[in-house]
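Trainee: Walk me through the reasoning behind the labels used for this model.
Mentor: Gladly. Ask about one label at a time.
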Amino acid sequence: MAASGNGTAGNVPGEEHVAVQHLQPQSKIYDRLVSLGAFYKQQYGTEPEFYVRVPGRVNLIGEHVDYCGYSVLPMAVEQSIILAIGANPEQTQLQLRHLDGKKFQTFDCDLNALEIKLPKVGGPAWYNYFICGVKGIQEELGAKWRETGIRVALSGNVPLAAGLSSSSALVSAAVLATAHVQSMSLDRKLLASISASCEQYIGTHSGGMDQAIAYLAKKGYAQHIEFHPKLNATPVMLPAGCCFVVANSCVHKNKAASSDYNERVVECRLATRWLAKSQKLPNWQDFMRFKDLEEECQLDNAAYEQLVLQQLKQSLYTRDDICEALGITEQQLETDFLTPSTQHMQQFKLRQRALHVIQESGRVLKFRQICEQLQRRPSKEDVKQLGKLMQQSHHSLRELYECSHPDLERLVALSTKQGVSARVTGAGWGGCIVAMCESMEAAEEYVKVLEA
Ligand code: NG1
């Protein structure tokens, strides 16, 4: 069973279901499946009933916009999480075994008493991501949840804390596996939404990009994923001949162990509320996401940018500034806007964050449009435009969103020197860049330079 690739049509129009496939010995991942199956048998003394595979992803453009309601353009990578699963009706235990047992400790707990433990310092232990997924299905099923134990063996090769969505691949895999054990219908969009909601138990107030691409990726395409008015994915063919290279700075950034990501989420929510008030909307207190405000005020991208420049100042906002302008108390600021990990925030950058989000959302639409144009008629100039959009995205992430890292900058500088357009991919502050090379040969040369 795989949460990427082509799905089978469901019974309900518009639904696309995860395909349940038979193991193909010629498949690229067959060897991984066989060794994971053997590990499962060694651990539990019986064969697994089924496998689940969920890919990591690389986002080509549209960074830090999903939680503001805007669309993104990711694609799946080959690296994936694979689970071998079996139900155990005799008891109600969740049993987790990682193939790399030296790094990832074994975990057992009762499915009726799931608890996600978030440490004060450092990131959560790996099995918490799995628990999120099981909890997501438990909540979805409510009284329909069937008591049965779940045995799991896991193999993963998505680089950790590298912006390639290893955490969401694990959460989404747990959701898919649990849904199948519970004989639920495997509608991709529903499972993607459940996965996005339940990953919030980890404490990161992320959008739904990673979980959406985990379920909606299609071989040979990037996906333009929209969240508004509802989750939707449109396959986008990338320009013929171009090669996208993902390079890891090897700086680990565990989002759940820092407040950087949630701080940006908070600033975006505050900026939205501030702008909504400036527009004298009767319901201005309802707005939390830039996209909803855009729709309400029927703003196009340029008008939105102007609004940000007119209404938000460059310098830092204090708590007092915010409370006074929004007519709220400090306590309301803490309960309505700040998350548990951002209670310490004293100052906020609103204009810079808002500008990035609005401009980046425009770049995603342009990127898709140019890709579609390129399918109709090849043009070197258009390919160059795609590279420019990636460069602008990176510049904005560095300057306005402040989520780059000196080692990422070194990679980007090396790329520019080679005439290759590159940008940080994923949340940033470390992790990977994605670079666009205009031919396979150029990519080979480029990779040699990076390796050197
Ligand atoms: P990564 O890079 O995998 O941590 C995070 C969020 C995405 C998105 C990007 C930035 C999670 C699970 N994912 O991805 O939703 O906001 O950052 O574009 O937090």
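**Ligand contacts and a small set of strands**

Mentor: Start with the ligand: one of its nitrogen atoms is 2.8 Å from an N or O atom in the side chain of Asp210. This is a predicted model, where local features need pLDDT of at least 70, side-chain atom pairs count only at pLDDT 80 or more, and totals for chains, interfaces and linings use all residues. Residues are numbered from 1 along each chain as its sequence is written, and side-chain values use heavy atoms, with hydrogens and water left out.

Trainee: What makes the Tyr261 approach to the ligand a polar contact?
Mentor: A polar contact is a pair of N or O atoms within 3.5 Å. A polar side-chain atom of Tyr261 lies 2.5 Å from a ligand oxygen, so the pair qualifies. For His64, a backbone N or O atom lies 2.7 Å from an oxygen atom of the ligand.

Trainee: How do you know that S13 and S14 pair?
Mentor: Two strands (DSSP E runs of at least two residues, numbered from the N terminus) pair if DSSP finds at least two bridges between them. Four bridges join S13 to S14 (residues 432-437), so they pair. They run antiparallel. Val424 stands opposite Ile433 in S14.

Trainee: Why are S10 and S13 called edge strands?
Mentor: The open sheet has the order S10-S14-S13. Strand S10 (243-248) and strand S13 (421-424) each pair on one side only.

Conventions. A polar contact is a pair of N or O atoms within 3.5 Å; within protein, one must be able to donate a hydrogen and the other to accept it, and residues adjacent in sequence count only if both atoms are side-chain atoms.
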